[in-house]
Amino acid sequence: MTTEELPVAWRLSPEDVRAGWRALWWTVGPVGELAVMLVQRRYLSRDKYPRGWIGWRAETPFDGELVIASGQEQRRIPVEGIDMWPSHLALLPDSRFLLASGRTHQDAEGTWWKNAVVYSPEGRPEGAFCIGDDIPALVADHSGDIWTAYGDEGIYGNHPESGAGLAGWNTRGVATWAPEGRLPDWPLEGCTAATEGESVWLVWYSPKGTFLTRITPSTGEVMSYRSPVKAPDGLAVRGTRVVLTSRDHYKRSTTVTRAELIGDVCVVICQERVRLPGRVVMKCGQGRDGTLWLRAGRTWVRIDA
């Protein structure tokens with residue numbers, strides 16, 4: 001499959017690039033709107049590694065601009081005085097949004113640093129709380145609850161919710177869901193996340209392999225499937241159809257695996273290598289209601305399950 005065959009959802013314009021904007025954190029909202037946080041190049045510096053957009057860093061506080069694109073419509077929200085270095089962005093109900101850092105720490109009194117901030121529709125902070133340590137994957141569901149999968153430093157650290165490997169949170173920072181022994185193994189590292197209707201999917205791996213875990217927030221029900229792809233970086237689910245991606249790191253290609261959920265097994269239907277319009281790095285995929293959104297450099301494309 002070639003680049004021309006993948007529908008382009010959005011790309012950072014040459015005008016924005018010339019104006020000094022760089023596209024950093026991004027997410028897809030519950031009705032398919034793409035949200036991208038832009039930061040001016042003058043705030044940013046980088047080391048040689050990691051490569052790609054995830055390698056940019058800024059001294060805090062800094063300003064940004066949130067772009068929300070839906071179809072041909074686009075709106076921009078100035079966000080001033082960001083005083084953390086985020087890893088994740090999520091859209092919430094009532095036009096609010098969340099910025100979250102993947103890391104946190106305890107102070108001398110044992111209090112965990114607040115690494116998630118909820119912003120108003122106008123881009124002003126409304127509240128802050130801690131959602132655990134070492135978060136490689138985060139997604140907000142249709143009701144606005146936040147779902148996290150943790151990495152090994154969080155799982156083997158001191159934060160209680162991180163230690164379980166997966167967690168659910170409300171926007172007041174209260175943990176609302178935990179695995180409670182219902183996973184096929186103890187997670188070692190989160191990979192990616194998706195939503196499908198009211199369901200949330202968290203992908204993670206352990207010494208026993210990689211698993212796709214579906215959570216029903218209204219009941220807390222859990223169902224896990226063994227993944228046919230080791231540590232995928234993108235997932236989308238539509239009914240029993242599944243699409244997963246596995247990037248060629250910092251190259252303009254990814255492997256797309258299509259599969260079917262049959263009973264409690266995820267069975268591969270086909271695989272193909274796909275050329276992309278830009279280089280792919282970590283945090284490149286997010287699934288919403290059967291569509292996998294994939295970031296390739298300054299361009300976002302869509303792959304349907």
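In this predicted model, 37 residues line the largest pocket, and those nearest its centre are His-88, Ile-135, Pro-136, Met-282 and Lys-283. The space inside the largest pocket comes to about 870 Å³. If you want to trace the wall by element, look to β2, β5, β8, β12 (137-140), α2 (152-155), β16 (189-196) and β24 (285-288), each of which gives two or more residues to the lining. Which element gives the most to the lining? That is β16, with five residues.

Now to the cores. The largest nonpolar core holds 39 residues, and Trp-25 and Leu-66 have the most contacts inside it. At least two residues of this core come from each of β2 (21-28), β3 (34-40), β5 (56-58), β6 (62-70), β7 (73-82), β8 (88-91), β9 (97-100) and β10 (116-119). Apart from it lies another core, made of 16 residues, including Leu-92, Leu-98, Val-118 and Ala-167.

Leu-66 is a good residue to pick out on screen. Once neighbours within four places in sequence are left aside, Leu-66 is in contact with Ala-35, Val-36, Met-37, Arg-75, Arg-76, Ile-77, Val-79, Leu-89 and Phe-97.

Next comes the sheet. Four strands make an open sheet in the order β2-β3-β6-β7, and their pairing is antiparallel. Because β2 and β7 stand at the edges with a single partner strand each, one side of each has no neighbour in the sheet. On average, and with direction ignored, neighbouring strands here are turned by 25° against each other. In a regular strand, side chains alternate between the two faces of the sheet.

Two of the strand pairs can be followed in detail. β2 and β3 run antiparallel and are joined by six bridges; among the partners, Val-28 is matched with Leu-34 in β3. β6 and β7, also antiparallel, are joined by eight bridges, and Gly-64 stands opposite Val-79 in β7. Val-79 is also one of the contacts of Leu-66. The hairpin of β6 and β7 has two residues between the strands, and in this hairpin Gly-71 takes a positive phi near 65°.

Further along the chain, β17 (199-206), β18 (209-216) and β19 (221-226) deserve a look. Seven bridges pair β17 with β18 in the antiparallel sense, with Leu-202 partnered by Thr-213 in β18. These two strands form a hairpin with two residues between them. β18 also pairs with β19, again in the antiparallel sense, over six bridges, and here Ile-215 stands opposite Val-222 in β19. Four residues lie between the strands in the hairpin of β18 and β19, where Gly-220 has a positive phi near 80°. Is β18 mostly covered or mostly exposed? Mostly covered, as six of its eight residues are buried.

Lys-208 sits in the loop between β17 and β18. Its relative accessible area is 52%, over the 50% cut-off, so Lys-208 counts as exposed. Lys-208 still touches Pro-184, Asp-185 and Arg-226, not counting residues up to four places away in sequence. Its C-alpha atom is separated by 9.3 Å from that of Pro-187, 21 residues apart along the chain.

Finally, some backbone details. Most residues other than glycine have a negative phi, and most peptide bonds are trans. The table gathers four departures from that pattern.

| Site | Backbone feature | Place |
|---|---|---|
| Tyr-49 to Pro-50 | cis peptide bond, omega near -5° | Pro-50: loop between β4 (44-46) and β5 |
| Thr-60 to Pro-61 | cis peptide bond, omega near -5° | Pro-61: loop between β5 and β6 |
| Glu-180 | positive phi of about 50° | loop between β15 (175-177) and β16 |
| Ala-231 | positive phi near 50° | loop between β19 and β20 (234-238) |

How exposed are the residues with positive phi in the table? Glu-180 has 66% relative accessibility and therefore counts as exposed. Ala-231, with a relative accessible area of 30%, is partly exposed.

Technical notes
Residues numbered from 1 in each chain as written. Predicted model: local features only at pLDDT ≥ 70, side-chain atom pairs only at ≥ 80, totals over all residues. Heavy atoms only, no water. Core = buried A, V, L, I, M, F, W, Y, C linked by side-chain atoms within 4.5 Å. Buried < 20%, exposed > 50% of the residue type's maximum accessible area, 1.4 Å probe, protein only. Contact = heavy atoms within 4.5 Å. Pairing = 2+ DSSP bridges. Axes fitted to C-alpha atoms, helices over the stretch in contact; angles between N-to-C directions. 1 Å grid on protein atoms, 1.4 Å probe; cavity = no way out; pocket = protein on both sides within 12 Å on 5 of 7 lines; lining within 4 Å. Points joined across faces, edges and corners; volume = space filled by probe spheres on them.
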